[in-house]
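Q: I am new to this structure and should be grateful for a close look at a single part of it. Please describe one strand, its neighbours and its place in the whole.

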Amino acid sequence: MLRQRVEAPIESIAVSAYRIPTDEPESDGTFAWTSTTLVLAEVSAGGATGIGWTYGAAAAGAVIDELLAPELAGLDALSPAAAAHTMRAALRNAGYPGIGATAASAVEVALRDLEGKLLELPLASLLGTVRTEVPVYGSGGFCSYSLERLTSQLAGWVADGIPRVKMKVGREPDRDVERVRAARAAIGDGTELYVDANGAHTPTEAPRLADAYAALGVTWFEEPVSSDDVDGLRFVRRSAPAGMDVAAGEYASTPDDFRRLLGAVDCLQADATRCGGIGGVLAAGALCDAHDLDLSGHCAPTIHMHVLACVPRLRHLEWFHDHVRVEQLLFDGAPEPRGGAVAPDLSRPGLGVELKRADAKRYAI
């Protein structure tokens with residue numbers, strides 16, 4: 001007998017924001033920061049509440065309150081794709097990319113969590129799992145770190161069983177080869193080493209650095225140039241030494257943004273907190289599957305481990321130092337890697353996490 005469908009019109013959407021100081025000043029090739037801001041959306045319907053979040057400007061919360069919540073009121077909470085379409089339409093004049101997309105992403109993730117809770121299913125099972133575990137890579141190695149801090153962080157992940165790690169480059173290109181050499185010595189020859197320039201280089205500068213990094217066993221060069229410079233990414237990819245993959249995609253907001261990167265990268269990145277939520281990652285995953293391309297999840301590991309367990313062509317998930325700290329501080333049920341991978345908790349519905357309200361209160365803004 002078929003189970004009776006739950007009636008679940010969206011009743012309310014609550015927004016809150018939290019700013020968590022970093023454990024020390026951080027920088028990459030193009031940006032520096034001392035805190036991380038998480039904007040949380042809580043969507044209630046049918047006696048349950050789903051949570052979703054994004055990282056970025058607290059202004060995303062105002063976008064949710066002013067532009068999205070009024071349009072979603074009364075819509076079916078069990079139709080997150082329809083809600084996503086409604087949000088895109090609501091942001092037409094305000095602008096969907098950027099803050100608009102992060103706001104919509106937080107709400108969409110909350111709706112997916114709510115759907116799992118209403119149907120009493122973990123999100124991975126609801127979406128249809130392809131794998132039981134999602135490989136992770138340790139990510140940090142900020143440009144602001146001393147060599148001692150850099151090497152101890154990367155070596156710590158390796159000691160914990162994570163066989164691939166990433167560090168930031170690009171702020172001081174003349175020092176970066178030395179930094180990468182120190183990292184390689186610290187992690188040994190058996191660990192995969194990645195670098196991320198966050199778009200700091202020019203298309204003529206990046207290939208020279210790629211050759212130097214490849215000599216030290218680097219196999220992944222993320223955003224060697226700006227993701228907006230698709231021709232530049234394509235040029236660097238063609239020029240890169242054998243065995244080095246060029247990656248980008250973390251700033252994509254729409255499926256078309258991902259489509260533009262086809263042929264310019266060896267691995268496509270997607271970020272659920274920026275690309276429209278779970279549905280956006282699934283769209284990127286379908287594009288990768290159609291074009292024989294791997295997908296990698298960018299940051300926000302608590303959100304991504306469920307959806308990445310369900311995409312056909314997966315490379316790995318970023319175990320990003322800042323977001324790991326934030327999610328373990330704020331959420332009960334945040335994952336811990338074992339054997340270099342994380343696994344969705346199939347005993348909990350939805351995303352399998354709940355806000356630690358008492359702990360979060362001290363960081364509220």
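**A close look at strand E10**

A: In this predicted model, Leu268 stands opposite Leu295 in strand E10. Leu268 lies within strand E9, which covers residues 267-270, and E9 pairs with E10 in the parallel sense over 4 bridges. The path from E9 to E10 includes helix H10, residues 278-290, and these three elements make a right-handed β-α-β unit.

A second partner of E10 is strand E11, residues 314-320. This pairing is again in the parallel sense, over 3 bridges, and here Ser296 stands opposite His316 in E11. Helix H11, residues 301-308, belongs to a further right-handed β-α-β unit together with E10 and E11. E10 thus takes part in a unit with E9 and H10 and in another with H11 and E11.

E10 itself spans residues 294-297, and both of its faces are covered. On one side are Asp294 and Ser296, on the other Leu295 and Gly297, and all four are buried; buried here denotes under 20% relative accessible area.

The setting of the strand is a chain with 13 helices and 14 strands. Of its 365 residues, 56% count as buried. Residues 24 or more positions apart account for 71% of the contacts with a separation of 6 or more. A compact globule of 365 residues would have a radius of gyration near 21 Å, so the 20 Å of this chain agrees with that expectation. The C-alpha atoms fill a box of roughly 60 × 40 × 40 Å along the principal axes. The chain exposes about 14,400 Å², of which carbon and sulfur atoms supply 50%.

Note on methods
Residues are numbered from 1 along each chain as its sequence is written. This is a predicted model: local features need pLDDT of at least 70, side-chain atom pairs count only at pLDDT 80 or more; totals for chains, interfaces and linings use all residues. Side-chain values use heavy atoms; hydrogens and water are left out. Buried means under 20% relative accessible area, exposed over 50%, partly exposed in between (1.4 Å probe, protein chains only). Helices (H or I, at least four residues) and strands (E, at least two) are DSSP runs, numbered from the N terminus. Two strands pair if DSSP finds at least two bridges between them. A crossover is right-handed if, with the strands pointing away from the viewer, the path from the first strand over the helix to the second runs clockwise. The radius of gyration is taken over C-alpha atoms; the globule rule is 2.2 Å times the number of residues to the power 0.38. Contact means heavy atoms within 4.5 Å. Accessible areas come from the Shrake-Rupley method with a 1.4 Å probe; for residues, only the protein chains shown count as cover.
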